[in-house]
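This report describes the structure shown below for a reader who is new to protein models. Each section takes up one topic in turn.

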Amino acid sequence: MVLRLVVLEDCYTRGMVGWDLFNPVRPAYRVSCRMRLKAYYSSPLPSAEAITRILAAGEHALSGIPFTHDNAHEDRGGGMTHAGHTLTWDQPGSQVPEPEPPANAYRFVCEPSAASVGGIRRRHGTVFALTLPPAGYYQIPR
């Protein structure tokens, strides 16, 4: 697998008062910040073989890959989800979509021809997308 594009979204949320039936609910934080990351890859291998190698790598002790042969069978049809991580890849009739352009996202392009998911697909074939769970990094308590 070769990393081609990374999209990092920085989300800022203000703690606004909401309502629970008839009572106002105050959030625990005045400000909360979190990041979301989505990485796009390509592989010189056929999709089935690339997925098999990802699952095999997840079996190794202390591997950072959350996908293994034991937990991959549930969502294998259109992707895999485990421990908040989601791996999807191009399927016949269903391709990995372009990332939505939020105002607070940063794109890290690993090569100029891979500035978009379509560019990766045209140049390298099948696109694999790995979405990591959102990570909170800053909070101001009330």
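## Confidence in the model

The chain has an average pLDDT of 83, and 92% of its residues score at least 70. The model is predicted, and its confidence is not uniform along the chain: the lowest mean, 72, belongs to strand S2 (residues 18-20), while the highest, 91, belongs to strand S8.

## The nonpolar cores

Twelve residues form the largest nonpolar core: Val6, Ala39, Tyr41, Ala50, Ile51, Ile54, Leu55, Phe67, Met80, Leu87, Trp89 and Phe128. Two or more residues of this core come from each of strand S4 (29-42), helix H1 (47-58) and strand S6 (85-89). Helix H1 makes the largest contribution, with four residues. A second core, separate from this one, has nine residues, among them Val7, Val96, Ala114 and Ala129.

Isoleucine 54 is one of the residues of the largest core. Which residues does isoleucine 54 contact, leaving aside its neighbours within four places in sequence? These partners are Met1, Ile65, Phe67 and Leu87. Of the partners, Phe67 and Leu87 are also listed in the largest core.

## Helix H3 and its surroundings

Helix H3 covers residues 117-124, and its buried residues are Val117, Gly118, Gly119, Ile120 and Arg121. The cover over these buried residues includes strand S1 (2-14), strand S4 and strand S8 (127-131). After helix H3 comes glycine 125, which has a positive phi near 95°.

Proline 112 lies in the loop between strand S7 (105-109) and helix H3. Is proline 112 buried or exposed? Proline 112 counts as exposed because its relative accessible area is 78%, and the cut-off for that class is over 50%. Between the C-alpha atoms of proline 112 and isoleucine 51 the distance is 26 Å, and the two residues are 61 positions apart in sequence.

## Positive phi outside glycine

Leucine 62 is not a glycine, yet its phi is positive, at about 65°. This residue belongs to the loop between helix H1 and helix H2 (69-72). Leucine 62 has a relative accessibility of 89% and is therefore classed as exposed.

Alanine 83 is another residue other than glycine with a positive phi, in this case near 55°. Alanine 83 sits in the loop between strand S5 (80-82) and strand S6. Its relative accessible area is 53%, so alanine 83 is exposed, given that the class begins over 50%.

## Tyrosine 138

Tyrosine 138 is part of strand S9 (residues 135-141). Because its relative accessible area is 44%, tyrosine 138 is partly exposed; this class lies between the limits of 20% and 50%. Apart from neighbours within four places in sequence, tyrosine 138 contacts Val31, Ser32 and Cys33. Lysine 38 is 100 residues away from tyrosine 138 in sequence, and their C-alpha atoms are 20 Å apart in space.

## The largest pocket

Rolling a probe the size of a water molecule over the atoms reveals where empty space remains. The largest pocket has a volume of about 310 Å³. It is lined by 16 residues, of which Met1, Tyr41, Ile54, Ile65 and Leu130 are the closest to its centre. Helix H1 and strand S6 are the elements that supply two or more residues to this lining.

Which element gives the largest share of the lining of the largest pocket? Helix H1 does, with four residues. By class, the lining of the largest pocket consists of twelve nonpolar, three polar and one charged residue.

## The second largest pocket

The volume of the second largest pocket is about 260 Å³. There are 14 residues in its lining, and the closest to its centre are Val7, Glu9, Lys38, Pro99 and Glu100. At least two lining residues come from each of strands S1 and S4, and strand S4 has the largest share, with four.

How many nonpolar, polar and charged residues does the lining of the second largest pocket have? There are eight nonpolar residues, one polar residue and five charged residues. Among the residues closest to the centre of this pocket, Val7 also belongs to the second core, and lysine 38 has already appeared with tyrosine 138.

Notes:
Residues numbered from 1 in each chain as written. Predicted model: local features only at pLDDT ≥ 70, side-chain atom pairs only at ≥ 80, totals over all residues. Heavy atoms only, no water. Core = buried A, V, L, I, M, F, W, Y, C linked by side-chain atoms within 4.5 Å. Buried < 20%, exposed > 50% of the residue type's maximum accessible area, 1.4 Å probe, protein only. Contact = heavy atoms within 4.5 Å. 1 Å grid on protein atoms, 1.4 Å probe; cavity = no way out; pocket = protein on both sides within 12 Å on 5 of 7 lines; lining within 4 Å. Points joined across faces, edges and corners; volume = space filled by probe spheres on them. Nonpolar A, V, L, I, M, F, W, Y, C, P; charged D, E, K, R; others polar. pLDDT = per-residue confidence, 0-100.
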